[in-house]
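Hi,

Here is the structure I said I would pass on. Have a look at it first, and then read on for what turned up in it.

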Amino acid sequence: MNSKDKIAKYKAKVNDVIQNMVYELFKKQPENYIDWMIEYLEVRRAKHNVRTTQSLQIEYHISSEEENAEDVDELEKAVKKDQQFRTSVSAEVYGLYNKKEDFKPRVIPKSQDQKERIENKLSGVFMFQALDQNERNIIIDAMEEKHYNPGDWIINQGDDGNELYVVSQGQLDCYRRFSKDQEPKLIKQYQSGDMFGELALLYNAPRAASIQSNTESVLFALDRSTFNAIVKEATVKRREHYEDVLSKVEILKSIDSYEKTQICDGLKEQHFKPQEYIIKEGEEGHKFYIVVKGTLVALKQNEEVLKYQSGDYFGELALINKVPRQATIQAETDCVVVYLDYQAFVRLLGPIENILLRNAENYKKFVI
């Protein structure tokens, strides 16, 4: 390797570390950012030393999806490793683009029919459900209707992103390259009512995947400025809350961060009082549950066989095996659970069997 190649390789490694640190800094926004960055670099150094002792020839860039999942935390796994971070990141970290007093929403003229179609689609997207009507109206006015032909690429992995998209009609394929040496892999499909492209706006990160239209498609696009001013803060808090919930679920710990984000977006929350039933033995099952807070008991023929607490999950067997519920689940204390219905699993991640197969060894110890 000549001197020029060595410099280029060294530069790529340094850029990689700085890029990931800035992404995480913007995501967490610690009060003492200097101490946070020092601690972040210390952790990265410790990981690097461990890898070095395991193999004299380990390179910093990750060569497989499995190593990616082990060595890179959360958002780091959702961005392309070899792109230099944008200079605008630093500005966004310190909030220069997030001052609401400087915000002037764009207004794109629309027919009443267009407004009603956008309103209808927004009602099904978690990110917009907490907005009041005035905020929703600002979003609707700012959205731009865009049309795409089969084969058109809407976004490309690694590119900068300034818009998110809500699908009005059509079907689109999502491809992701897990390492620079791999071919892009089809990981999911989007259809009417789905949203994509928000990660680049939330974390000022490069596009985490590529999206291609495979039919005539109509999308509603929302610009970065409107998103930052109206939607961003609530969305980040919600995702961080549910990411914390998912981090306690052992069987989901090794899933890719991009997939984890999609799960967070599909979660819905329910509250139960003591003695209330969540599911009943013999019923048809359509939901997969995760316990956020409280204690629940599993009953077989009215006898207690298992307890569930924070981080535990249930309801998967009916979805996987397509059989009636095998037990009754009852709240023992005040409880909070989140759930995904089967359609959400299929739409967001593909069949849940894919996740369970990938975690087959972990899953075995949960099956009784």
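Let me start with R117, which is partly exposed at 26% relative accessibility. Please keep in mind throughout that this is a predicted model.

Salt bridge between α5 and β1

R117 forms a salt bridge with E145, with 2.8 Å from N to O. Because R117 sits in helix α5 and E145 in strand β1, this pair links parts that are 28 residues apart in sequence. E145 is partly exposed too, its relative accessible area being 22%. This salt bridge also belongs to something wider: D113, R117 and E145 are joined into one network by salt bridges that share partners.

The other salt bridges

In total, the structure holds nine salt bridges. Another of them pairs D223 with R106, whose closest N and O atoms are 3.1 Å apart. Here D223 belongs to strand β8, while R106 is in the loop between α4 (88-93) and α5, so the contact ties together parts 117 residues apart in sequence. Which of these two partners is buried, and which is partly exposed? D223 is the buried one, at 11% relative accessibility, because the cut-off for buried is under 20%. R106 counts as partly exposed, with a relative accessible area of 26%.

A further pair is K248 and D244, whose side chains meet in a salt bridge at 3.8 Å, N to O. K248 is partly exposed with a relative accessible area of 44%, and D244 is partly exposed as well, with 41%.

The buried side of α6

The other thing I wanted to show you is helix α6, which spans residues 133-142 and has R136, I139, I140 and A142 as its buried residues. Why do they fall on the same side of α6? They cover an arc of only 170° around the axis, and that places them on the same side. As background, an α-helix has 3.6 residues a turn, so residues three or four places apart point the same way.

What do the buried residues of α6 pack against? Their partners are two helices, α5 (112-122) and α8 (224-230), and two strands, β1 (144-148) and β8 (217-223). Some of these elements will be familiar from the salt bridges: R117 is in α5 and E145 in β1, and D223 is in β8.

If you open the model, the D113, R117 and E145 network and the buried residues of α6 are the parts I would enjoy talking through with you.

Best wishes

Definitions and conventions:
Residues numbered from 1 in each chain as written. Predicted model: local features only at pLDDT ≥ 70, side-chain atom pairs only at ≥ 80, totals over all residues. Heavy atoms only, no water. Buried < 20%, exposed > 50% of the residue type's maximum accessible area, 1.4 Å probe, protein only. Helix = DSSP H or I, 4+ residues; strand = E, 2+ residues; numbered from the N terminus. Arc of directions from axis to C-beta. Contact = heavy atoms within 4.5 Å. Salt bridge = Lys/Arg side-chain N within 4 Å of Asp/Glu carboxyl O.
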